[in-house]
Amino acid sequence: GYYYPDHLALGRELSGAHAALSELHADRLFMNQAVYAGYSQGASMGALAVAEHGDWFPRLLLGEGGFDAWSGALAKQYARTGGRRVLFVCGTERCQKRAPQSVSSLRHSGVAAELLYARGAGHRPDGPVADKVREGLRWLLDDSPELSLVRSGLATNPATQEGRSLASPAVGAK
């Protein structure tokens with residue numbers, strides 16, 4: 001696998017991607033409606049990397065990581081820069097026990113935060129953890145009229161959508 005050496009390197013990558021998208025496709029995308037989704041290290045480093053860019057990523061989906069990152073100062077920074085919602089999805093007891101403190105810090109700073117737990121699922125992105133992600137996405141996206149197409153796609157079972165993916169180019173486009 002590929003790993004960033006630290007959250008600063010991930011932040012530089014995200015800044016470059018944001019700049020490129022803004023330059024090439026800002027007229028076709030809702031640039032202020034992006035969702036940052038990270039799993040494990042991507043969630044942990046992502047929480048640190050995007051806290052100063054709540055205007056780019058007002059919604060975060062953090063799976064099995066990022067639950068230790070949210071000090072009061074970091075949560076306030078995320079709120080101050082435009083952060084609105086954070087969803088933690090846990091499959092391990094460690095994550096489930098530690099994430100509530102971050103949920104509390106975020107909520108205290110004015111950011112809506114929720115925790116979903118797939119009891120006994122383990123440190124993995126599939127199976128029951130993925131089911132909890134699907135369950136939580138509706139809440140994560142619920143405050144954005146621009147993302148109504150994505151929310152409506154969540155109402156159906158992805159396994160029955162022949163050839164259709166929520167990651168299709170049309171999703172999130174103007």
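**Exercise 1. Determine how the end-to-end reach of helix 5 in this predicted model compares with the expected span, and locate its bend and its buried residues.**

Solution. Begin with the extent: helix 5 covers residues 127-141, which is 15 residues. At 1.5 Å a residue the expected span is 21 Å, and the distance from the first C-alpha to the last is 22 Å, close to that expectation. Next, consider the course of the axis, which bends by about 30 degrees at Glu135. Finally, list the buried positions of helix 5, which are Val129, Ala130, Gly136, Leu137, Leu140 and Leu141. As background for reading such a list, an α-helix has 3.6 residues a turn, so residues three or four places apart point the same way.

**Exercise 2. Carry out the span check for helix 4, then state where helix 4 bends and what its buried residues pack against.**

Solution. Helix 4 runs over residues 93-108, and because 16 residues at 1.5 Å a residue should span 22 Å, the 24 Å between its end C-alpha atoms agrees with the expectation. The bend in helix 4 is about 30 degrees and lies at Ala99, with a proline, Pro100, following within four residues. Ala99 is itself among the buried residues of helix 4, together with Cys95, Ser102, Val103, Ser105 and Leu106. These buried residues pack against helix 3, strand 3 (85-90) and strand 4 (112-117). Just after helix 4, Gly110 adopts a positive phi of about 95 degrees.

**Exercise 3. Describe the packing of helix 1 against helix 2 by angle, axis distance, handedness and residue class.**

Solution. The two elements are helix 1 (residues 7-25) and helix 2 (residues 41-50), whose axes lie 8 Å apart and make an angle of about 65 degrees. Their crossing is right-handed. On the side of helix 1 the contact involves His7, Leu10, Gly11 and Leu14, and these meet Met45, Gly46, Leu48, Ala49 and Val50 of helix 2. Sorted by class, the contact comprises 6 nonpolar and 3 polar residues, with no charged residues.

**Exercise 4. For Ser40 and Glu64, give the phi value and the place in the chain, and decide whether each residue is buried or partly exposed.**

Solution. The reference point is that most residues other than glycine have a negative phi. Ser40, although not a glycine, has a positive phi of about 60 degrees, and its place is in the loop between strand 1 (35-39) and helix 2. Because its relative accessibility is 21%, Ser40 counts as partly exposed, the cut-off for buried being under 20%. Glu64 likewise has a positive phi, near 55 degrees, and it belongs to the loop between strand 2 (59-63) and helix 3 (72-80). With a relative accessibility of 5%, Glu64 therefore counts as buried.

**Exercise 5. Place Ser148 in the chain, and then summarise the chain as a whole.**

Solution. Ser148 is in helix 6, which spans residues 148-154, and because its relative accessibility is 36% it counts as partly exposed. Between Ser148 and Arg138 the separation is 10 residues in sequence, while their C-alpha atoms are 9.6 Å apart in space. Turning to the whole chain, there are 6 helices and 4 strands, arranged along the sequence in the pattern α-β-α-β-α-β-α-β-α-α. Of the 174 residues in the chain, 41% are buried. Among contacts with a separation of 6 or more, 65% are accounted for by residues 24 or more positions apart.

Definitions and conventions
Residues numbered from 1 in each chain as written. Predicted model: local features only at pLDDT ≥ 70, side-chain atom pairs only at ≥ 80, totals over all residues. Heavy atoms only, no water. Buried < 20%, exposed > 50% of the residue type's maximum accessible area, 1.4 Å probe, protein only. Axes fitted to C-alpha atoms, helices over the stretch in contact; angles between N-to-C directions. Left-handed = near helix turned anticlockwise from the far one by under 90°. Contact = heavy atoms within 4.5 Å. Nonpolar A, V, L, I, M, F, W, Y, C, P; charged D, E, K, R; others polar. Expected span 1.5 Å × (residues − 1). Bend = angle between axes of the 7 residues up to and from the residue.
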